Amino acid sequence: MNRRQFLLSASSTAILAALGRQAFAGSMGSGHAGHDMAAMPGMTMDGPADPSPVLKRIKLPSGRPLAAVPRLANSGGAGRFVGTLSAAPTTLTLAEGGVKTSVWAYNGQLPGPAIVAREGDTVEIALTNHLTQPTTIHWHGLPVPAEQDGNPHDPVLPGQTRHYRFTLPKGSAGSYWYHPHPHGHTAEQVFRGLAGVFVVEAADDPLRELAEDWLVLSDLRLTEHGAIPANTAADWHDGREGQFLLVNGGLRPVIALGQGERRRWRVWNATSARILKLALPGLAWQLVGSDGGLLGAPQPLAELLLAPGERAELVVSGSLPVGQSATLQSLPYVRGRAMTPEQTQPFTVATVKVGRTVASAAVPATLRPIAALGTPQVRRTLTFSENMADPASMFMISGKTFDMNRIDFTGRVGDIEEWDIVSEAHMDHPFHLHGTQFQVVARNDGSGWVDEPYLAWRDVINVPLRESVRIRFRQELPGVRMYHCHILEHEDQGMMGQYEVKA
Ligand code: C2O
Ligand code: CU
Ligand code: CU
């Protein structure tokens, strides 16, 4: 056993003992999936394993061409994006055989309509809440004023309309997303369908000549009757995963690529809890961007690890003969699940089919300058931990669960802050900060700090169990900002803090 496996098995034993036999038996039902499917090395499954009978009865259409993500209509003029979103229950036909599924969706679409704006634009979005619970829209990753950022303090009550307004600063081009953030209801609102992407374009984009594909990855769980079920006790612990990993709302789509063509992919992990380890054997790809936009220079890429909430930009090259295909796979990744089996086999996310030769531009050797943030004015340590013995505060940051009436500490606009996010936890927790982008400076897997090999702007970073990550950032705007685990079940249970950035 290596160190990680040892920690995992030790932690599972402790957690299961603490949770008690009953909770475990109830959530696992009759499933023995972990053992049943352990046998077939090298096999790529169609999707995540599911011990329940659902997949025998519910089939989703698969293998269709990758759907384009519909865009939100813009009724503003030059320099202004003006749009309307309605969060409402609606019924969609997702499964075959006319089975209907009730979802909660923005403008009736799954995923929600994409907002595409430019650096410098003013964005005005009117959100109407047609749900029976409070909601907000959080502009995940965007540097928007705190009072416009859909904080849990600013709920939009059922029946209300809220106007969000902010300006996209120069340098903010990148791949973001928007989703609800009401306290205690975020996970449910997202897994029922409320999430959309937000792309900010730059006039001087060095990759503007490449054609783009967007891959919004989301998780769907259905019952035998095609309904989206509530979270189980196991989901509240491990984070929810579904039987279907959707790409732009479709199952295992076919993505077209010309022979010799280079295309820019933007990939969003919009799942609640799945840590995706993506591979594309047979095709060449490189990493060109992270959450907050382009890297300084393209980076070679083997596998792409994408935590919940995280995004990446890639350039994928059609390096196969015409007519051949490659498989975009989700590889097994052990993240410390205690009440549900880990993924043990690779499964297919999409198929990439290489067609006739298409000429495309070369990828420049440098993309945009990223300056390292200098010596910090402030240093802090935040600790991730779990206490399975206390169901009221199971997931903690620095020993506490979230309290809307508590400001955990204060900072100042313009200061360079350095935070060590230290995991004393038994599972991976992806850290997310609001209001700005950060740089990862170093990581420590227990054997010492290792400097990060290149600079990137991020707003989510996975903190593997018992490891540490050191980040630096600067907040340019005052206000109360949240930081939390982006496994949405953990966020809802209070694995979140808030600090006030003073002017
Ligand atoms: Cu994407 Cu505070 O969240
Ligand atoms: Cu966010
Ligand atoms: Cu977590």
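**Two copper sites and a strand pair**

In this predicted model, strand S4 (residues 122-129) and strand S6 run antiparallel, joined by seven bridges. One place to see the pairing is Ile-125, whose bridge partner in S6 is Tyr-164. Tyr-164 is also worth a look when you turn to the side chains of S6 (residues 161-167), since they alternate along the strand. Arg-162, Tyr-164 and Phe-166 point to one face and are buried. Thr-161, His-163, Arg-165 and Thr-167 point to the other face, and these four are not buried.

Now for the metals. Take the copper ion that is ligand 2: its protein donors are His-138 and His-432, each through NE2, lying 1.9 Å from the ion. That pair ties together distant parts of the chain, with His-138 in strand S5 (residues 138-140) and His-432 in strand S25, 294 residues apart. Both histidines, His-138 and His-432, are buried.

Stay with S25 and you can walk over to the other copper ion, ligand 3, as His-429 sits in that strand (residues 429-433). His-429 gives its ND1 to ligand 3, alongside SG of Cys-485 and ND1 of His-490, and these donors lie 2.0 to 2.1 Å from the copper. Read along the chain, the donors follow the spacing H-x55-C-x4-H. Here too distant parts of the chain get linked: His-429 in S25 and His-490 in helix H6 (residues 488-492) are 61 residues apart. As for burial, His-429 and His-490 are both buried.

So strand S25 is a handy place to start when looking at the copper sites: it holds His-432, a donor to ligand 2, and His-429, a donor to ligand 3.

Conventions: Residues are numbered from 1 along each chain as its sequence is written. Chains are lettered from A and ligands numbered from 1 in the order in which they are written. This is a predicted model: local features need pLDDT of at least 70, side-chain atom pairs count only at pLDDT 80 or more; totals for chains, interfaces and linings use all residues. Side-chain values use heavy atoms; hydrogens and water are left out. Donors are N, O and S atoms within 2.8 Å of the metal (3.2 Å for Na, K and Ca); water is not among the atoms, so sites may look incomplete. Buried means under 20% relative accessible area, exposed over 50%, partly exposed in between (1.4 Å probe, protein chains only). Two strands pair if DSSP finds at least two bridges between them.
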